[in-house]
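Me: I would like a close look at a single part of this model, with the cut-offs spelled out as you go.

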Amino acid sequence: MEYILHIVFLIAGLVASYWGVKQIMSFRLSTRLLNICIASFCKTKQLERAEVVIIDGIRLGVLPDVVTYNTLIDAYCRIISIDAAYSILHRMREAGISPDVITYNCLLAGASRKCLLPQSLDLFEEMLQVGIPPDVWSYNTLMHCFFKSGKPDEAYRVFRDIILSNLSPCPATFNIMINGLCKNGYTDNALGLFRNLQRHEFVPQLVTYNILIDGLCKAGRLGAARRILKELGDSGHQPNAITYTTVMKCCFKSRQFEQGLEILSEMKNKGYTFDGFAYCTVISALVKNGKIKEANDCMEQMVKNGIELDLVSYNTLINLYCKGGKLEEAFKLVDEIEKGGLDCDKYTHTIIIDGLCKAGNIEGAQRHLSYINTLGYDSNLVACNCVIDGLCKAGYVDNAMKMFERMEIRDSFTYTSVVHNLCKAGRFRCASKLLLSCIKGGMKILNSTQHAVLDGLRYSGFTSEARKLRTKIRLARLFH
DNA sequence: CTAGGGTTAG
């Protein structure tokens, strides 16, 4: 397709350069074609090709316009970096083309996608300064960025600004709002806003339904999610692949593995195309349920269908290799990530650390943990939990305890791991102390672990301690 | 041009 467009563009460009009389007409026509061609290359991440077309165009007298540069800026934000996009902005100004509101919106979206709140605010400020008034999409994007940065109050303030100003909100404004509320734990408010909007003749889009279904599923409110799914069916919209992936993921999460697989086959039967999201959902669920063979088959399918691997897909596959005991294969993929110009993230490292632990290489895991601590990730709680559990399972309960004490943040996983393994080592009184501080901290602990402590105390003769612990647990629960 | 689904530990 791109090649055809390229050729069409060249012909149009040639026509334009030779058709002197109707130069203006032709110029417009060929610039439009140029832009279509550029957009096409950008969409397929072929930025070098897009640049070549621009050079070709200039040679033929077809000059890029503001749309050309906006398309490029958006693509550079997505594919390379915001800084790279800024250099396009610079080039644009040098070419004598002034940025417009869309130029800024592209940059804003780029910052928002990477959760760069300060940069978003700066851009917003800059828009006002250079006299390009933000439009409703600028506000939408800023609101989105606040939500993504975990600042729902600020996001809500932007929402109010939109409603109270002359800008009219668009459907996306409400979708971003509903999604942001869900993602920040305000599922009820999201549902309330949804109902309120419906009373005001807002017609929910498919996206709106998908957002709500996902939000309700993640909040564990399966009944409400089912109702919205039913409403989606009654609305005249057809569920799409995203709806299916969302519901499937929800089944896996709520431990309805078989039902999830049923949705998978329904998706296949109805001819929905599988993308990376769908494959990753299924592969992770299979791995979690110990079905390595099936997960491998699924991966094969994924590769055969030519799915381009992004970081999340790589992480999913690395996890599959680790859990399947193929560490070398996992490390090969890590190399592939880095060679492809991507950066490993905290998921990649955590998966590797857990893989090393599970393979019995605790020293390697600890080394990798100290290595990532130098990389400046804000939280390595999951990775720490992996190492703690690994130490325990390898018989180094004391080392695990030392690490446990050093940790500033602990969660339910940390406690469960340590308490469970203290029980296995017969150290029930120590386990009992930690169990209690876990519950007092308002954290859950696996029922089986709690029982291990109580039973352990009883069997080793500490019957009254066991009874006291039960009372204390009940008391502590009352306050949470 | 901008909004929705996928990855880690007990």
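How do the residues of the surface near DNA strand B divide into nonpolar, polar and charged?

Reply: This is a predicted model, in which local features need pLDDT of at least 70 and side-chain atom pairs count only at pLDDT 80 or more, while totals for chains, interfaces and linings use all residues. Residues are numbered from 1 along each chain as its sequence is written, chains are lettered from A and ligands numbered from 1 in the order in which they are written, and side-chain values use heavy atoms, with hydrogens and water left out.

The surface near DNA strand B divides into 18 nonpolar, 21 polar and 16 charged residues, where Ala, Val, Leu, Ile, Met, Phe, Trp, Tyr, Cys and Pro count as nonpolar, Asp, Glu, Lys and Arg as charged, and the others, Gly among them, as polar. In total, 55 residues surround the strand, the closest being Arg78, Trp137, Asn210, Lys249 and Asn315; a residue is near the strand if one of its heavy atoms lies within 4 Å of it. Of the atoms of DNA strand B that come within 4 Å of the protein, sugar and phosphate account for 42%.

Several polar contacts (pairs of N or O atoms within 3.5 Å) give this surface its detail. Tryptophan 137 places a polar side-chain atom 3.0 Å from a base nitrogen of DNA strand B, and asparagine 240 has a polar side-chain atom 3.2 Å from a base nitrogen of the strand. For lysine 358, by contrast, the partner of the polar side-chain atom is a phosphate oxygen of DNA strand B, at 3.2 Å.

Technical notes: A polar contact is a pair of N or O atoms within 3.5 Å; within protein, one must be able to donate a hydrogen and the other to accept it, and residues adjacent in sequence count only if both atoms are side-chain atoms.
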